[in-house]
Amino acid sequence: MGHSSVRRSALGAGILLLGACLCGAGSADFELRQDSAPSLPEYVIKAGFIFNFAKYVEWPSSAFETAATPISVGIVGADPFGEEIDKALGSKMVKDRHFVVLRFRDKRDLRPCHILFIPRSEKALLPEILKQVESWAVLTVGEDEAFAKTGGAVNILIEKEKPRLEVNPEAAEKARLTINSKLLKLATIVKTEK
């Protein structure tokens, strides 16, 4: 099996694990499955989570120009995914919408998108980025320990090779987003620290 086939298999396994988890299995089942699953690269796991967030988050209708407008996933700053996120989302659809990945070299390049991944490399600029997008209907996703407490909506943390989610419902509500209860049950609920 070639290197790309192994990566596609790993990506598929990651998405299936998360999908099974969000479709009714409790978090204890998810941990058990993670223990028995092959170790997946960190950004393959995170790309799978981003795909599934699109399934379990509702945007206001005004966030999409038309019924065919794709779900735009933005990455600001240094892109830690490389081609993994393109592979994960390239041929997928959620709610009859394709995905498009947008890369913003820095915060000055930002423009509205539906999901914005803010990597840990942008930690120093996080308050400024969140302020810049605060009027947008955007699901902000991060990976830094303080992300959700700073006002980000969803944080994907990898601890001891296991994913852990934090959700800040206040941040999601401020962005006019509704997060499905199935996703909320799997996450640690966090509030913005004032």
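Is Lys46 buried or exposed, and what is its relative accessible area? Lys46 is buried, with a relative accessible area of 0%. Keep that residue in mind, as it comes back in point 5. Please remember while reading that this is a predicted model.

1. **The overall picture.** Let us start with the whole chain. The protein has eight helices and 10 strands. It has 194 residues, and 48% of them count as buried. If you take the contacts with a separation of 6 or more, 62% of them are between residues 24 or more positions apart.

2. **The sheet.** Try tracing the strands one by one on your screen. Eight of them form an open sheet with mixed pairing, in the order E3-E4-E2-E5-E6-E7-E8-E10. Strand E3 (93-94) and strand E10 (188-189) are at the edges, and each has a single partner strand, so one side of each is left without a neighbour in the sheet.

3. **Strand E5 and its partners.** Next, find strand E5, which covers residues 115-118. E5 pairs with E2 in the parallel sense over three bridges, and Ile115 in E5 is the bridge partner of Val73. E5 also runs parallel to E6, with four bridges joining the two; here Ile118 has Gly142 in E6 as its bridge partner. Which way do the side chains of E5 point? Ile115 and Phe117 point one way, Leu116 and Ile118 point the other way, and all are buried. One step further along, E6 (residues 139-142) pairs with E7 (residues 154-159), again in the parallel sense, over two bridges. Gly142 turns up here too, standing opposite Asn155 in E7.

4. **Helices against the sheet.** Two helices are worth a look here. Helix H3 (residues 42-56) lies across several strands, among them E2 (71-76), E4 (97-104) and E8 (162-167), and runs at about 150 degrees to E7. Helix H5 (residues 126-133) packs on the sheet as well, where it touches E2, E5 and E6. The direction of H5 makes about 170 degrees with that of E5.

5. **A buried salt bridge.** Now back to Lys46. The structure holds 16 salt bridges, and one of them joins Lys46 to Glu143, with the closest N and O atoms 2.6 Å apart. Lys46 lies in helix H3 and Glu143 in the loop between E6 and helix H6 (147-150), so this pair ties together parts that are 97 residues apart in sequence. Glu143 is buried, with a relative accessible area of 4%. The pair also belongs to something wider: salt bridges that share partners join Glu42, Lys46, Arg120 and Glu143 into one network.

6. **Salt bridges with more exposed partners.** Compare that with Asp106 and Arg108, which form a salt bridge whose closest N and O atoms are 2.8 Å apart. Asp106 is partly exposed, at a relative accessible area of 22%, while Arg108 is exposed, at 70%. Glu128 and Lys107 also meet in a salt bridge, at 3.4 Å from N to O. Glu128 lies in helix H5 and Lys107 in the loop between E4 and E5, so the pair ties together parts that are 21 residues apart in sequence. Glu128 is partly exposed, with a relative accessible area of 39%.

7. **A buried charge without a salt bridge.** What is the nearest side chain of opposite charge to Arg97? It is Asp96, 8.1 Å away, and Arg97 is buried yet has no salt bridge. Arg97 lies in strand E4. A polar atom of the Arg97 side chain lies 2.7 Å from the backbone oxygen of Thr69. Leaving aside neighbours within four places in sequence, the residues in contact with Arg97 include Phe64, Ala68, Ile71 and Lys92.

8. **Two lysines to check.** Finally, a point about backbone angles. Most residues other than glycine have a negative phi. Lys95 has a positive value, near 55 degrees. Lys95 is found in the loop between E3 and E4 and is partly exposed, with a relative accessible area of 41%. Lys160 is not a glycine either, and its phi is positive at about 55 degrees. Lys160 lies in the loop between E7 and E8 and counts as exposed, at 80% relative accessibility.

Notes
Residues are numbered from 1 along each chain as its sequence is written. Side-chain values use heavy atoms; hydrogens and water are left out. Two strands pair if DSSP finds at least two bridges between them. Contact means heavy atoms within 4.5 Å. Axes are lines fitted to C-alpha atoms, for helices over the stretch in contact, and angles run from 0 to 180 degrees between N-to-C directions. Buried means under 20% relative accessible area, exposed over 50%, partly exposed in between (1.4 Å probe, protein chains only). Lys and Arg count as positive and Asp and Glu as negative; His and the chain ends are not counted. A salt bridge is a side-chain nitrogen of Lys or Arg within 4 Å of a carboxyl oxygen of Asp or Glu. A polar contact is a pair of N or O atoms within 3.5 Å; within protein, one must be able to donate a hydrogen and the other to accept it, and residues adjacent in sequence count only if both atoms are side-chain atoms.
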